[in-house]
2 protein chains.
Amino acid sequence: MSTEAPGRRQVTLRDVAQLAGVSVATASKAINGKAEVSPDTRQRVLDVAERLSFRPNALARAILDGHTGTVGLLTHDLEGRFSLPILMGAEDAFGAGRASVLLCDSRGDAIREQHHLGTLLGRRVDGLIVVGSQTDARPPLGSDLPVPVVYTYAPSTDPADASVVPENVTAGRIAVEHLLATGRRRIAHVSGDVTYAAATDRAAGVDAALEEHGLERVGPVRYGSWSEAWGRSSTAALLEQDVDAVVCGSDQIARGVLDALHDRGVRVPEDVAVIGFDNWEPMIAGCRPALTSIDMNFQAMGRRAAERLFASLEGRDGGGVETITPRVIVRESTGG
Amino acid sequence: MSTEAPGRRQVTLRDVAQLAGVSVATASKAINGKAEVSPDTRQRVLDVAERLSFRPNALARAILDGHTGTVGLLTHDLEGRFSLPILMGAEDAFGAGRASVLLCDSRGDAIREQHHLGTLLGRRVDGLIVVGSQTDARPPLGSDLPVPVVYTYAPSTDPADASVVPENVTAGRIAVEHLLATGRRRIAHVSGDVTYAAATDRAAGVDAALEEHGLERVGPVRYGSWSEAWGRSSTAALLEQDVDAVVCGSDQIARGVLDALHDRGVRVPEDVAVIGFDNWEPMIAGCRPALTSIDMNFQAMGRRAAERLFASLEGRDGGGVETITPRVIVRESTGG
DNA sequence: AAACATGCCGAAACCCTTTTCGGGCACGCT
DNA sequence: AGCGTGCCCGAAAAGGGTTTCGGCATGTTT
């Protein structure tokens, strides 16, 4: 059974060399395709290596040339639905570039984060990606780290650090532009927890876009929580005024609003258009009608963070904040 | 700025020793708390180490004593909502035991999986956890791997391998037991994709529990897809017979059923009780009434997999399939 | 005072791989 | 025959840390 023999010594280059009747130097050259080996010697070595299923010890190699081909991914949490696509994007970019990802979850705890940082540096990661949980800026990991760091989702408070963040203001803007383009004029906004920068940023974008078109938001920004329940319970107040579109701070809120409108017999999109943020597939999937949503491109964010980290490793990244532009995914709820 | 100086050589034990005026051997002993060092020499070394923020190179250490303190987490995908809690549970267990996790996503591709396996073995992981995407058994990673492997979610086809899997049959049973305990007798079952073992296993559990109580399922098992849409569209057929409870193959299906019942004016739980599987928080959160659901304890599954891997490393795990018992989370939809 | 014990430190080997450099061998040319 | 010239191969060092063992100096005992 394959779970047996856990103590068996791993096969080393010396074993291969010995069995092939050559020196370790020759074996190394044969395996790595160096020139100074005769074809038949090379073949003999390769055969033995194959037979023993030899794998060069990446650690020994790393200790030589100073970089390990590993990067640390230090995430604030794994619960939220935001870290995951970022993680996927980063894993994607790294996988292609032959780097491996060491994953650490600090679970919102700064102490744990520092602990993980210590072990990651001890393992000589070539670089670090730090994934935040809110878009609010966060203090940098440390002041004099020996490896480059890219902050994503939450930027570093030091603007000189490399950060990749979503454009929440633009997202709000895009939502309104889309509604305006489809003929809506009386637009209300219900959002999530006011302590989140994501909520206030999106609201700022909504208002800015409205103002540019000489319009005003209908009613106040109704901050609450990022839940369907809030979406449902806030709908009554929304409908007290004449409204033909509702911008919802998240897909969950939007879903709650859709439900409440449905119960009241308000037709979507005929009477009122509804738009959400995040384009969160499992939440979108169940909406009736299908929900138009702003996709923040989190996966692209993870990829960019990985790319910038690579660039930093080669000294080709000057730091600074980079933003990822969201895009609208048009579905039925805005009358597409 | 902290992203600078990426090429700066990392501080080594030799640097510390030199600055403290001792040999590397003494520095090593001082830092690792070995006895043969005078207290003041030790303090001097520790001060220097602190000042240089020295971190012992884990690679060099690993190359010595043969194990790295890293484990590979080879997941079939990151999209699904099942791999994530497993990953969290495993990361949790490892973080406590001072092992680091190398994360690889094979994205359902066997070739990619083998590639990742190669790099992980090259990095000399001490062990591997393989996370599947379906509960159907999968072929083992390889026949003669140098490190222990624990398969989770999807077991290995080799029963001698160490596997940790959810009890889907039991889950179906528990759902029915709960409904019976709350006085229901006419129970229907709507489920997801029939090609998933999770669907048929749960259905088998449902039927077995019914039979034990001398009851029969109302209507056929209505297989479809794991979606709200299927839940909604299958409801009409369900109601053609006299039904006082519906077991739904997933929370999404349950939610669709709840919606459809609501639209038809059927009261939940007064007229019909509804129960789901997976206890998937974001889906549960929006349900009206709050949905009773069977929690498969995925996080515990990840933890157990990690624990068994540790046991294997110490030769304390004989292999074999272990199951994780689900539990019912009672909420309003079953009249709690 | 001499022998001995003890405590502290350093030299060197080891782990595994890569790379440089030097040496041996065969062959061709004169 | 002797010399030069490539071609292959192997010895050795490097990289960072741990560990063993030997040595030195001091303190203790007789």
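**Note on a predicted two-copy protein model with DNA**

1. The copies meet through the same surface, because 100% of the interface residues of chain A are also interface residues in chain B; contact here means heavy atoms within 4.5 Å.

2. On conventions, this is a predicted model in which local features need pLDDT of at least 70 and side-chain atom pairs count only at pLDDT 80 or more, whereas totals for chains, interfaces and linings use all residues. Residues are numbered from 1 along each chain as its sequence is written, chains are lettered from A and ligands numbered from 1 in the order in which they are written, and side-chain values use heavy atoms, with hydrogens and water left out.

3. Confidence is expressed as pLDDT, the predictor's own figure for each residue, from 0 to 100. For chain A the mean is 93, with 97% of residues reaching 70 or more. Residues 1-6 of chain A have a pLDDT below 50, although this stretch has 16 contacts in the model beyond near neighbours in sequence.

4. A turn of 180 degrees, with a shift of 0.0 Å along the axis, lays chain A on chain B with an RMSD of 0.1 Å; the two copies are thus related as by a two-fold rotation axis. The superposition is by least squares on the C-alpha atoms of residues with pLDDT of at least 70 in both copies. Within chain A, the residue that comes closest to this axis is L102(A), at 2.3 Å for its C-alpha.

5. A salt bridge is taken as a side-chain nitrogen of Lys or Arg within 4 Å of a carboxyl oxygen of Asp or Glu, and by this rule there are 42 over all chains. One of them joins the side chains of R173(A) and E212(A), at 2.6 Å from N to O. Since R173(A) lies in helix α7 (residues 168-181) and E212(A) in helix α8 (residues 197-212) of chain A, the pair ties together parts that are 39 residues apart in sequence. Helices (H or I, at least four residues) and strands (E, at least two) are DSSP runs, numbered from the N terminus.

6. The same pair can be read by accessibility, where buried means under 20% relative accessible area, exposed over 50%, and partly exposed in between (1.4 Å probe, protein chains only). R173(A) counts as partly exposed at 26%, and E212(A) is exposed at 52%.

7. In chain B, R308(B) forms a salt bridge with D317(B), their closest N and O atoms being 2.9 Å apart, and both residues are buried; for R308(B) the relative accessibility is 4%. R308(B) also forms a salt bridge with E322(B), at 3.7 Å between the closest N and O atoms. A network of salt bridges links E228(A), R232(A), D259(A) and D263(A) with R255(B) and R288(B).

8. DNA strand D is surrounded by 28 residues, the closest being K29(A), T41(A), T12(B), L13(B) and R61(B); a residue is near the strand if one of its heavy atoms lies within 4 Å of it. Of the atoms of DNA strand D that come within 4 Å of the protein, sugar and phosphate account for 60%. Helices α2 (24-31) and α4 (58-65) of both chain A and chain B each supply at least two residues of the surface near the strand, and α4(B) gives the most, with four.

9. Polar contacts (pairs of N or O atoms within 3.5 Å) to phosphate oxygens of DNA strand D include a polar side-chain atom of T26(A) at 2.8 Å, a polar backbone atom of S38(A) at 2.9 Å, and a backbone N or O atom of N57(B) at 3.2 Å.

Methods: A polar contact is a pair of N or O atoms within 3.5 Å; within protein, one must be able to donate a hydrogen and the other to accept it, and residues adjacent in sequence count only if both atoms are side-chain atoms.
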